[in-house]
2 protein chains.
Amino acid sequence: MNTLFKALNDATRRRILQMLQDKDMTAGEIADQFDISKPSISHHLDILKQAKLISSERDGQFIRYAINTTVVEEAANWFLEILNKSDSS
Amino acid sequence: MNTLFKALNDATRRRILQMLQDKDMTAGEIADQFDISKPSISHHLDILKQAKLISSERDGQFIRYAINTTVVEEAANWFLEILNKSDSS
DNA sequence: TCTCTATTTAGATGTTTATCTAAATATCTA
DNA sequence: TAGATATTTAGATAAACATCTAAATAGAGA
């Protein structure tokens, strides 16, 4: 849970996650969407990967990133459990 | 979303949130559950409050904290939307 | 093999964060 | 009103973090 919420605690990383909802993307394609240096984006991708929110695979010269829905599900469940256990829900 | 994920990016605050699932608690009761100074817990409560994850109400000498389920719901929806939009779900 | 492109690693810097102690504020009760 | 309890505010410090530039690594293609 620690690495998960740490990964989510950044607007850039949340936006990357939302971009990967639609389609898999290479590191370069992702970086092109931001006004941030490629090394910084690479670092963000690494943090998302540590949290297992995304996975990566080399595709020739490129590295292709994909969202990992099972961890997103686990996170959603964390919230839903709080709601279920609260009296007011 | 910023203040929300910032608030959740701390194990102490997540534990406070889980404690408040079961029942409302005073600041002192909450602090008693941790090996952390009361001012530090007060600071954590403030951050949870800024994120609107909890609310507070004075009860005489005490201040009683309660979980705010609507914001937890919003957070859960953030994750569920990612799942809905992803192809693999 | 040489060079170009894609990506990551290393090292540095300024900012944010979690924590502490000491002091301030608010309420209760004698 | 004085003293005790509950909680927050203020100010300080060390650790974590986002970002940058420069350099390293890995594969593609001539």
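A polar side-chain atom of A:Tyr65 lies 2.5 Å from a phosphate oxygen of DNA strand C. That is a polar contact, a pair of N or O atoms within 3.5 Å; within protein, one must be able to donate a hydrogen and the other to accept it, and residues adjacent in sequence count only if both atoms are side-chain atoms. This is a predicted model, in which local features need pLDDT of at least 70 and side-chain atom pairs count only at pLDDT 80 or more, while totals for chains, interfaces and linings use all residues. Residues are numbered from 1 along each chain as its sequence is written, chains are lettered from A and ligands numbered from 1 in the order in which they are written, and side-chain values use heavy atoms, with hydrogens and water left out.

Stay with DNA strand C. It has 24 residues around it. A residue counts as near a molecule or strand if one of its heavy atoms lies within 4 Å of it. A:Gly28, A:Gln61, A:Tyr65, B:Ser40 and B:His44 come nearest. Of the atoms of DNA strand C within 4 Å of the protein, 75% belong to sugar and phosphate. A:Gly28 uses its backbone: an N or O atom there lies 2.6 Å from a phosphate oxygen of the strand. B:Arg13 uses its side chain, with an N or O atom 2.9 Å from a phosphate oxygen of DNA strand C.

Which elements supply this surface? At least two residues each come from α3 (27-32), α4 and β3 (62-67) of chain A, and from α4 of chain B. Helices (H or I, at least four residues) and strands (E, at least two) are DSSP runs, numbered from the N terminus. α4(B) gives the most, five residues. By class, the surface near DNA strand C holds eight nonpolar, 11 polar and five charged residues. Here Ala, Val, Leu, Ile, Met, Phe, Trp, Tyr, Cys and Pro count as nonpolar, Asp, Glu, Lys and Arg as charged, and the others, Gly among them, as polar.

Now turn to DNA strand D. It is surrounded by 23 residues, and A:Arg13, A:Ser37, A:His44, B:Gly28 and B:Tyr65 are the closest. Sugar or phosphate makes up 72% of the strand's atoms within 4 Å of the protein; the rest belong to bases. A:Arg13 places a polar side-chain atom 2.8 Å from a phosphate oxygen of DNA strand D. For A:His44, a side-chain N or O atom is 2.2 Å from a phosphate oxygen of the strand. B:Gln61 meets a base instead: a side-chain N or O atom is 2.9 Å from a base oxygen of DNA strand D. The largest share of this surface, five residues, comes from α4(A). The surface near DNA strand D divides into eight nonpolar, 10 polar and five charged residues.

Next, look within chain A. The axes of α2 (residues 11-22) and α4(A) come within 10 Å and cross at roughly 70°. Axes are lines fitted to C-alpha atoms, for helices over the stretch in contact, and angles run from 0 to 180 degrees between N-to-C directions. The two helices, α2(A) and α4(A), are therefore roughly perpendicular (65 to 115 degrees). Contact (heavy atoms within 4.5 Å) involves A:Thr12, A:Arg13, A:Ile16 and A:Leu17 of α2(A), and A:Ile41, A:His44, A:Leu45, A:Ile47 and A:Leu48 of α4(A).

Chain B has a sheet. Three strands form an open sheet in the order β1-β3-β2, with antiparallel pairing. Strands pair if DSSP finds at least two bridges between them. β1 (25-26) and β2 (54-59) of chain B stand at the edges with a single partner strand each, so one side of each is left without a neighbour in the sheet. Six bridges join β2(B) to β3(B).

Terms used: Angles under 35 degrees count as roughly parallel, over 145 as roughly antiparallel, 65 to 115 as roughly perpendicular and the rest as oblique.
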